[in-house]
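This report covers helix packing and salt bridges in the model below. Have the coordinates open as you read.

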Amino acid sequence: MNWTEYVRDKMGVLLSVDTWLPRDLPEYAFGLLYTLGSLTASSFVVLVASGILMAANGPQWWTVSPIGFFVRGVHFWAVQAFFFFMVLHLLRVYFSGAWRGGREKTWLLGTLSLLVAIPTAFTGYLMRGDFYSQWNAVQAKDGLNAMGFAWFNVLNAGQMYGMHVVVLPLVLSVLIALHITLIRVKGVVPPYPARDEDEAARREEEGFADAQS
Amino acid sequence: MHNPKQDVTHRYEYVRADFLKHLAGTTLVVAVLAVGLSLLFREPVRPALHIRTVATSTPLLFEKVAIGDLTGTGTIATYGPPYNDATGNVQSPLQKLVGVIHPVNPAQDFILKPLSMAAVLNPQVAAALRAWHAAPVGQRDRWAANYARGLAHARVVGTSVVMPSGSYGPVAPMMAGLLRLGQSGLMTGALNRSPADYQFDNQNALLFLQGAPLHQAAKKLELLGNQWGIIHEENAPFPGPWWMTIVTAIYQIPYIAHASGGDAVALSLGMLLFIALMVGPWVPFINEVPRRLRVYRLIWRDYYHRYEHPSAPPPSTPPGGGGPGE
């Protein structure tokens, strides 16, 4: 198969409605524990929607407008929901050993999303323009300077605004999109084999080893 | 076919699910939750600390910060990269390597430049500045050092600082002029000046406040680093940025809290822990931990019950309720 055919085949799977909106799902992937990832992604949607509304009105909207103040509240509670559901989701996938069956990259992208989400939220706290912003900025500068990240100037509200509304959400969106894509393409990790299945496999392996020796 | 190397079962069935309805449902739940909580509890706001407030309510503190900047003994004057070539707060070779990319000269930027603006409005400040600039450097240093020593015995009368008698030269009217500038509310603007006059960068106003003024205010609110400060929010019911708990916890380790390079050590350790989390699937034994912990038996309790007790009914409808997904 030449590369154009290969890409065409892959894209056919990647962009298909069956990949993204499946009608059938494995029997083990149901229940509240399997809603946590979707709740995290949904929190991100609410964050982006409320964030766009705030960005369109400028960084001081919430200080002069009751509507702006309310939307900032939605953004604040959405970020709390985002991390709350993300940490629960992380615990669920960790205890599931969710990297099994060739899903290591899915795990890597998920944890990277958490890593990028932290400075994304932190720069949001710097946008409040209140004491919390002042204090976090001066406290964070020493660590960032020490680590060689002085270019990321937390005392420069203009730079941090760009980081918070464009750069970091964009990076986070790409990471989340890739994470979800891998979940959809690779499927949700199946359970560890049940006792009888595990024993049967072990017997099969031992038999194979005996036959070899 | 079971593949022991992959350690996943292939013994399961597919069941009907409405994935779109599931996604719409979770989004609705979060939207209602965020809107409801915002309506019910509003959100935290902690008023900013203005230079005007510091100059008005604690004039002595304001002058102590200012004289430290003028004499070059303040925390930013002695900081080092990225602000200047000093060494007082250099915690790693990386910090030195990055160099002075946000240059700040506290005497010039925090004191003399704002005073030159105040001089346009105040003839006494203008005369004092002329005398300052006309004096030899050694003389200026002596005046400033005398003033710094005198401040230890100064009194506050109303919103003014009354100094004991001493040889302060023009430093006394300069400091009085700067205090008035601070009390007027104009000093923040005098510090945050971009060539284009559009103000997006508040670095210098924050650096002016970053020592004692912000630290004293933060201590009252239990926001200092050794008070688990960064994850605190204001009064209940507001949660803080609790997702930084691990890094904040590292700062509570006495060795790190008191180390001269504490920030570098704490952040490096936090980053190492995170990298360990990221690469866990590739690390032998670590990637086996969930299997040994057996918490998965609870996560897939229904699944194991069904397959380890073959008399259990086959899944015709989504078991367990809730939505499908990840």
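At 7% relative accessibility, Arg128(A) counts as buried, because the cut-off for buried is under 20%. Its partner is Asp130(A), which is buried too, at 2%. The two form a salt bridge, with the closest N and O atoms 2.9 Å apart. Keep in mind that this is a predicted model.

Over all chains, the count comes to nine salt bridges. Three of them are tabulated here.

| Salt bridge | Closest N to O |
|---|---|
| Arg306(B) with Glu27(A) | 2.3 Å |
| Glu43(B) with Arg72(A) | 2.3 Å |
| Asp130(A) with Arg128(A) | 2.9 Å |

Arg306(B) sits in helix α17 of chain B and Glu27(A) in the loop between β1 and α3 of chain A, so this pair joins two chains. Both residues, Arg306(B) and Glu27(A), are buried.

Glu43(B) lies in the loop between α1 and α2 of chain B, and Arg72(A) lies in helix α5 of chain A, so this pair also joins two chains. Glu43(B) is buried, at 5% relative accessible area. Arg72(A) is buried at 6%.

Asp7(B), Glu288(B) and Arg291(B) are joined into one network by salt bridges that share partners.

Now the helix contact. How do the axes of α3 of chain A and α1 of chain B cross? They come within 8 Å and cross at roughly 55°. That makes α3(A) oblique to α1(B). The crossing is right-handed. Residues of α3(A) in the contact include Leu39(A), Val45(A) and Val46(A); those of α1(B) include Leu23(B), Val29(B) and Ala34(B). The contact residues divide into eight nonpolar, six polar and no charged.

Conventions
Residues numbered from 1 in each chain as written. Chains lettered and ligands numbered in written order. Predicted model: local features only at pLDDT ≥ 70, side-chain atom pairs only at ≥ 80, totals over all residues. Heavy atoms only, no water. Axes fitted to C-alpha atoms, helices over the stretch in contact; angles between N-to-C directions. Helix = DSSP H or I, 4+ residues; strand = E, 2+ residues; numbered from the N terminus. Parallel < 35°, antiparallel > 145°, perpendicular 65-115°, else oblique. Left-handed = near helix turned anticlockwise from the far one by under 90°. Contact = heavy atoms within 4.5 Å. Nonpolar A, V, L, I, M, F, W, Y, C, P; charged D, E, K, R; others polar. Salt bridge = Lys/Arg side-chain N within 4 Å of Asp/Glu carboxyl O. Buried < 20%, exposed > 50% of the residue type's maximum accessible area, 1.4 Å probe, protein only.
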